Amino acid sequence: MAVPMDNKRERPGSGGDGPDLDRRRFLKVTAAAGAWTAGATLTGCDTTPGGAADAPANPPEGYHPGDSGWRIRSQGPPEAVVGYTDKVSVLPGEDFALYVSTTAPGFRVSAYRMGWYKGAQARLVWHSDRVAGRVQREPVLDPRTRTVRAGWKRTILVPTDGWPQGAYLLRLDAENGHQRYVPLIVRSATVWGKTLLIHAPATWQAYNLWGGYSLYQGDGGAYAARSLAVSFDRPYDGNGAEKFLVYERAVVVLAERLGIPLAYTTGVDIHRDPAMLRGAVSAVTLGHDEYWTPQQRQSMTRARDAGTNLAFLGANTCFRRIRLEDGERTVVCYKTDYRHDPLYPRHGALVTTDFRRAPDSDPESSLTGVLYEGYPVDAPYVVRNAGHWLFAGTGAKRGDSFAHLVGVEYDRVTPGSLPNAPIEIVAHSPLDCEGRESHSDSAYYTVPSGAGVFASGTMRWAEGLMAGTGENGRNHGMDARTGAFVTRTTENLLRAFAEGPATSTRPTPRDNVREVYGST
């Protein structure tokens, strides 16, 4: 049986992009340009009534005309232009500070709100005048925790008056012809009666190697030299928004296309404000949401128990227990070095390691229904219960498979580590993870409040929404048939969960763990 790996750093990956593609690059696969339309993602499936949505009578923001020119054309060298904000999210109308370093004499900022926009995926909401460029100071490394902080001087203060709530990419356009993104969430002031999309900046930051250090590696690429804490006070590496583009964007686009009432936030905001989830009909975590505080997990559990449906559209969710410090600008996670965490052993529930590990073991499966098991893997996704309402309209039959949809990390239902509720395995996909045979499971359970909980069991679910469209590169070789299947299944899920507690409109799950795995 595959087991979780503490050192999930640069190792050979597997799957459609070649054996020499390391894990970090595997999880940050290029967000390439391409035409992405509702028709492309629905090819091969019955699209009635769950296919491309007609525009609502009073169209939400995502149905307005968009701007297809939002993509970066030239990233340039790392120092060409980079930036970061002083907040991971703001309320509409709240200012934020932007810190930029560039080798160009000047630059401009364009704020794109990401969404459906009739396939354009973005709308230009604001742009700056020309701003004088400067090369900012070298970053500072805190030797105690090997934390990199840029410590730059503020470049401009950006107002957000009139900005609709949602996920934004600030594109920095330097006069040297190069560009970078800076992500920002304009969070919702209220979530009552809405589907809440939860973005994962703590996980973005955990993998961020800007300045040479992340929670996975440090000097020379060594795991032992990794950061024990990482700071939001630095740019993201690569194009600046690769985690969002690969693991989150597609779900935002699809949810907005459906026209259901939406709200937007981050895991950091749920940590800060436990009441934020109150009244949400559903809460959706996106493709890679690994790093959670105990407070965030408690809030999500309470929301479920109050009737909020939960959807986990990835794998490895809620795996690491973190702590936020320095006004929530620093993500702390000692992982395998948890005995060096200053809170060990006096405050076991706050020690930063995996949730399932001592000193306060609490496996994530009590919330998600599934348990993270390992990587790297590339395997077909295999339907088990084709008659489940999740798969309505897909045309799938029992045993149908969808190549490459399971990867690069996976979860499974694990007898002996189950939620306190009947759980149904709706897809059961055999795999081989570095010589260990196991399965990935998509699972669904409900609780007495009426809330339904779905977990996809694969990190490629969001990427699957783009399969066969030319968007996001090769998507590990997934084809248009897979894209159509994932799209229709996700539509069924989001529409059902937007109607209220799932048991009021959908059948309760049939507990089949013993049937699938034998004696429990």
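Q: What volume does the largest pocket have?
A: A pocket is an open set of points on a 1 Å grid over the protein atoms alone, with protein on both sides within 12 Å along at least five of seven lines. Its volume is the space filled by probe spheres set on the points, which are joined across faces, edges and corners. Here the largest pocket has a volume of about 330 Å³. Lining residues have an atom within 4 Å of a point. Of the 19 that line this pocket, Pro 78, Glu 79, Val 82, Arg 180 and Trp 210 are the closest to its centre.

Q: How do the residues of that lining divide?
A: Ala, Val, Leu, Ile, Met, Phe, Trp, Tyr, Cys and Pro count as nonpolar; Asp, Glu, Lys and Arg as charged; the others, Gly among them, as polar. The lining of the largest pocket has seven nonpolar, seven polar and five charged residues.

Q: What kind of model is this?
A: It is a predicted model: local features need pLDDT of at least 70, side-chain atom pairs count only at pLDDT 80 or more, and totals for chains, interfaces and linings use all residues. Residues are numbered from 1 along each chain as its sequence is written, and side-chain values use heavy atoms, with hydrogens and water left out.

Q: Which strands does β17 pair with?
A: Strands are DSSP runs (E, at least two residues), numbered from the N terminus. Two strands pair if DSSP finds at least two bridges between them. Strand β15 (residues 282–285) runs parallel to β17, joined by four bridges. Ser 282 has Asn 309 as its bridge partner in β17. β17 also pairs with strand β25 (residues 452–455), in the parallel sense, over three bridges. There Phe 312 stands opposite Ala 455.

Q: Are the faces of strand β17 buried or exposed?
A: Buried means under 20% relative accessible area, exposed over 50%, partly exposed in between (1.4 Å probe, protein chains only). Both faces of β17 (residues 309–312) are covered. Asn 309 and Ala 311 are buried on one side, Leu 310 and Phe 312 on the other.

Q: What span should helix α7 have?
A: A helix is a DSSP run of H or I, at least four residues. Its expected span is 1.5 Å times one less than its number of residues. The twelve residues of α7 (residues 294–305) should span 16 Å, and the end C-alpha atoms are 16 Å apart, which agrees. Buried residues in α7 include Pro 294, Met 300 and Arg 304. Gly 307 follows α7, with a positive phi near 110 degrees.

Notes. 1 Å grid on protein atoms, 1.4 Å probe; cavity = no way out; pocket = protein on both sides within 12 Å on 5 of 7 lines; lining within 4 Å.
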